[in-house]
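Colleague: Could we go through this model together? I would like to begin with the strands and then turn to the ligand.

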Amino acid sequence: MNSTEQQLEHLRGPVPPIAHNARTIAALTTNPGCARRAVMDAAGVDKRAVAARVGFPPPYGQSPFAITRTRAFTAQVKANGCAELLRMLREVLDLKIPEVAYRDLEDAGGNESQEVRHALARQVLGNAAEHADESGTLFDHPLLRLPVGGRQVFLEPDLIAFQYQGTFYVIEIKSFAVIDGQADGGKVAAAAVQSAVYVVALRRLLASLGHDPARVSHEVVLVCPENFSNHAVATKLDVRRQLTVLNRQLNRMTGIDKLLATLDPGLTLDLAPDRDGAPTRPVGELCVAIEHIPARYSPECLSMCEMSYFCRREALGTTRALGHSVSEELGSVEWIDTVLGLAAGRLTPAPEQIEAAAVLRAALRLRGESVEVPA
Ligand code: SF4
């Protein structure tokens, strides 16, 4: 184990790490400048438990009912060798094939090590790319890998990869409903980004084996229940735009080594659980440890990060709390009080604030004119 791994392990404490999945990578790349999330995710810290311990439990998360429903729907789509899935693939990809082969890559001969499961996925998918199967094959649970912040992370596989005549398609099964041909736009957008994460990982795997990464299609297949029934429906999604954003954000992420080098080497977010698993770490001490890792809060965090309520409280009174566009406009002005003081002319701007101060004074004047009531 190298020193980076040791530091990350110390940060997490003596509990198993939380594994990455497409959702966590998608969220990470939505806010690539946040060191706090990057470090906590790299260490596999249970952010939900940490946020709850300091009094800011995350406002969202799948209910046990939703988790059970997702599992039941997924099992239904995959039943009988994925018979229902094949019916949908024939429709959505316009296939003529009567049947497909099915290979579950979750079982690597009883070995649960991520390295072994990834090696199996690599070998089987590489072989499929080498000898394109005319009849098509579904590969369930391939454990993929992606470099994030200079470190290889394994992606817990929620996906199925479908290979047909040398082209691979990512298939995502989701339990949100499509009603009268329409699904919740936000959920579809999130599913598109998550599918794009798998496309990137699958493309990198093929490229590392000397195959053309473009053999992984930019069209993914999204499978959802239709009209609150158990009937499944498949839709093709074009994720080219998401792939561009994702690749750019992954490249922008600072290496974990560099982020760790700025932190106290003894820093830990260990919750010190007792024998029953209940956290015993003093809350004040834990808050100080969290605040030691710089964050970059923006309102988007509220829908995608378990730490968001804590970070929002911390960012109270700053221009960052008003969103990216406002804080970028006012880049040199950190506090809302300063914004108000500069706008009203009560404060003298520092040299780097002169431009922002002029804009603020003009904005306040325009606002005054527009709300002025004629006598
Ligand atoms: S909520 Fe906090 S830790 Fe999470 S991404 Fe936002 S700023 Fe970073």
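**Strands and ligand**

Modeller: This is a predicted model. In β5, the residue that forms a bridge with D140 is I160.

Colleague: In which sense do β2 and β5 pair, and over how many bridges?

Modeller: Strand β2, residues 137-140, pairs with strand β5, residues 160-164, in the antiparallel sense over 4 bridges.

Colleague: Which helix packs on the sheet, and what does it touch?

Modeller: Helix α7, residues 185-208, packs there and touches β5, β6 (167-173), β9 (219-225) and β10. The direction of α7 makes about 145° with that of β6.

Colleague: What is the order of the strands, and is the sheet open or closed?

Modeller: The sheet is open and has 6 strands, in the order β1-β2-β5-β6-β9-β10, with mixed pairing. At its edges are β1 (101-104) and β10 (232-238), each of which pairs on one side only. From one strand to the next, the twist averages 25°.

Colleague: Now the ligand, please. Which residues are around it?

Modeller: The residues around the ligand are N31, C34, R36, R37, A295, R296, Y297, C301, C305, M307, S308 and C311.

Colleague: How do the residues of that shell divide into nonpolar, polar and charged?

Modeller: The shell around the ligand has 7 nonpolar, 2 polar and 3 charged residues.

Colleague: Which helices each supply at least two residues of the shell?

Modeller: Those are α3 (35-42) and α11 (308-314).

Colleague: And what about the space that the ligand takes?

Modeller: That space is the largest cavity.

How values were computed:
Residues numbered from 1 in each chain as written. Predicted model: local features only at pLDDT ≥ 70, side-chain atom pairs only at ≥ 80, totals over all residues. Heavy atoms only, no water. Near = heavy atom within 4 Å. 1 Å grid on protein atoms, 1.4 Å probe; cavity = no way out; pocket = protein on both sides within 12 Å on 5 of 7 lines; lining within 4 Å. Sits in = over half its atoms within 2 Å of the grid points. Nonpolar A, V, L, I, M, F, W, Y, C, P; charged D, E, K, R; others polar. Pairing = 2+ DSSP bridges. Axes fitted to C-alpha atoms, helices over the stretch in contact; angles between N-to-C directions. Contact = heavy atoms within 4.5 Å.
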